[in-house]
Amino acid sequence: MNKLRFIKDEGSEFYKELNEQIEQYFIRTGMKKTGNAKMFFKIFLYFGLDILFYALMITSHSVFAFYAFYLLMGLSVLLTAFNVSHDAAHGVAVKSKFWNQLLFSLSFNLQGNNAYVWGKNHNESHHLYTNIEGSDIDVLNNPLFRMTESQPLKGYHRYQFIYAPFLYLFYSINWFFFRETLMLFNLSSRTIKVEIPRIEAIKLVIYKLLYIGYMIVLPVYLLPFGWTVVLMAFLLNHFIISLLFVSVLGVAHLSDYVSHPMPDKDNKLNMSWPKLQLLTSIDYHAESKFLNWTLGGFNAHAVHHLLPNVCHVHYLDIIPIFKALAKKHKLTYMEMSYGESLASHFRFLKMMGRSEHLIPVRYEG
């Protein structure tokens with residue numbers, strides 16, 4: 001991974017004042033930046049729903065009930081990831097470092113994915129160097145998609161905005177079966193190399209086998225529906241999870257409004273880190289109570305990137321502070337409706353498939 005250096009600009013002063021005012025807010029209210037009673041309720045709610053739907057699925061008496069509870073469990077697990085796993089990965093779901101790590105590890109590993117690989121690279125790569133090829137783990141180098149200017153433009157890329165939704169169906173399946181497995185052999189669609197310690201490689205294999213065991217093998221063994229019904233439920237579950245996951249997160253950084261900065265030959269960017277976060281993130285309905293509750297604050301992505309040490313349950317109270325300071329320091333904070341952010345995502349795919357260069361659209365908020 002290329003480590004980069006930043007400069008000081010208006011974003012630096014904005015970020016300094018933002019942290020000061022956020023600190024004052026929590027002192028004034030007497031609250032902690034970590035989760036509160038609402039967060040504890042969400043933790044018990046989502047983990048409880050995971051267990052409940054699995055129990056109902058594994059004791060189903062009809063194919064209809066089996067599919068319903070299987071898919072409800074999948075949705076519940078995804079909402080657990082949005083609302084609990086993510087904040088726990090940043091150490092802010094609860095006060096205890098031990099319980100944050102346990103909540104994060106449990107929720108990720110039991111989905112068959114490796115918590116160490118995702119957590120380390122999410123915090124040390126994606127959050128630091130958002131949208132920068134060679135430094136951000138989430139910048140893909142998949143020949144079927146062209147996401148950056150340095151990637152070669154092929155004839156079929158002009159249709160990527162059309163075939164993208166179909167390929168998005170396989171996002172979760174790819175993550176489970178190929179993305180991390182290929183990393184064991186130093187192969188990956190990521191633009192940076194990922195090192196996996198031996199103990200984590202062993203855990204990766206064990207948890208994937210365990211996941212296949214309780215999601216496929218056990219239902220086939222205990223229920224009278226046959227392996228084809230179970231396998232179809234498994235695939236359908238991953239298709240739905242994939243679409244929801246990409247729909248929530250794909251619009252945040254892949255948009256024709258955001259930048260994809262390039263460092264100079266000395267690995268230096270001509271902007272500050274806070275300004276990078278504002279230039280590379282899209283928020284949608286940031287002050288929506290429903291989306292904050294449902295998506296765990298993922299709809300306020302720029303806010304999260306700049307304040308990862310604050311639990312999402314506090315976002316609705318601190319976003320007015322965030323917006324006022326961005327305006328004061330003459331920085332562009334990009335917030336729009338979900339419909340516009342989705343349209344922007346597909347315009348980005350279309351532009352990257354037809355033009356060598358990406359010129360971000362000027363945001364008029």
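The side chain of Glu17 makes a polar contact with the side chain of Lys328, at 2.7 Å. Keep in mind as you look that this is a predicted model. Glu17 is a good place to start, and from there we can visit a histidine, some aromatic rings, the empty spaces and two residues with an unusual backbone angle.

**Glu17 and its surroundings**

- To find Glu17 in the structure, look in helix 1, which covers residues 10-29.
- Glu17 has a relative accessible area of 17%, and because buried means under 20%, Glu17 counts as buried.
- Apart from its neighbours within four places in sequence, Glu17 is in contact with Leu325, Lys328 and His329.
- Lys328 therefore turns up twice for Glu17: as a contact, and as the partner in the polar contact of 2.7 Å, while Glu17 itself is buried.

**His312, a histidine with two polar partners**

- His312 sits in the loop between helix 12 (301-306) and helix 13.
- How accessible is His312, buried or exposed? Its relative accessible area is 0%, so His312 is buried.
- One polar contact, of 2.9 Å, joins the side chains of His312 and Lys42.
- Another polar contact, of 2.6 Å, runs from the side chain of His312 to the side chain of Asp87.
- With neighbours within four places in sequence left aside, His312 is in contact with Met39, Lys42, Asn83, Asp87, Asn292, Gly296 and Gly297.

**Aromatic rings**

- How many aromatic pairs does a search of the whole structure find? The search finds 32.
- One aromatic pair is formed by Phe322 and Tyr333, and it is edge-to-face, with 5.3 Å from centre to centre and 70 degrees between the planes.
- This pair links distant parts of the chain, 11 residues apart: Phe322 belongs to helix 13 (residues 315-328), while Tyr333 belongs to the loop between helix 13 and strand 2 (335-336).
- Phe322 and Tyr333 are both buried.
- Elsewhere, ring pairs link Phe82, Phe104, Phe108, Trp118, Tyr171, Trp175, Phe245 and Phe298 into a cluster.

**Phe6 and Ile173**

- Phe6 is found in the segment before helix 1.
- With a relative accessibility of 26%, Phe6 counts as partly exposed.
- Not counting residues up to four places away in sequence, Phe6 touches Leu128, Tyr129, Leu269, Met271, Ser272, Trp273 and Leu276.
- Phe6 and Phe44 are 38 residues apart in sequence, and their C-alpha atoms are 41 Å apart in space.
- Ile173 has its place in helix 7, and at 11% relative accessibility it counts as buried.
- Beyond residues up to four places away in sequence, Ile173 touches Phe178, Phe234, Leu235, His238 and Ser242.
- From Ile173 to Gly91, 82 residues away along the chain, the C-alpha atoms are separated by 27 Å.

**Empty spaces: a cavity and a pocket**

- Rolling a probe the size of a water molecule over the atoms shows where empty space is left.
- A search of the whole structure finds one cavity of 30 Å³ or more, and the largest cavity has a volume of about 80 Å³.
- Which residues line the largest cavity? They are Val117, Trp118, Asn121, His122, Ile137, Asp138, Trp175, Arg179, Glu180 and Met183.
- Helix 5 (115-126) and helix 7 (171-183) each supply at least two residues of this lining.
- By type, the lining of the largest cavity divides into five nonpolar, two polar and three charged residues.
- Trp118 and Trp175, which line the cavity, also belong to the cluster of linked rings.
- The second largest pocket holds about 360 Å³ of space.
- It is lined by 13 residues, and those nearest its centre are Thr332, Met334, Arg362, Tyr363 and Glu364.
- The lining of the second largest pocket comprises eight nonpolar, three polar and two charged residues.

**Two residues with positive phi**

- His285 is not a glycine, yet it has a positive phi of about 45 degrees.
- His285 lies in the loop between strand 1 (283-284) and helix 11 (289-295), and its relative accessible area of 35% makes it partly exposed.
- Lys330, also a residue other than glycine, has a positive phi near 55 degrees.
- Lys330 is found in the loop between helix 13 and strand 2, and with a relative accessible area of 73% it is exposed.

Conventions. Residues numbered from 1 in each chain as written. Heavy atoms only, no water. 1 Å grid on protein atoms, 1.4 Å probe; cavity = no way out; pocket = protein on both sides within 12 Å on 5 of 7 lines; lining within 4 Å. Points joined across faces, edges and corners; volume = space filled by probe spheres on them. Nonpolar A, V, L, I, M, F, W, Y, C, P; charged D, E, K, R; others polar. Helix = DSSP H or I, 4+ residues; strand = E, 2+ residues; numbered from the N terminus. Buried < 20%, exposed > 50% of the residue type's maximum accessible area, 1.4 Å probe, protein only. Polar contact = N/O pair within 3.5 Å; in protein donor to acceptor, adjacent residues only side chain to side chain. Contact = heavy atoms within 4.5 Å. Phe/Tyr/Trp six-rings, centres within 6.5 Å; stacked < 30°, edge-to-face > 60°.
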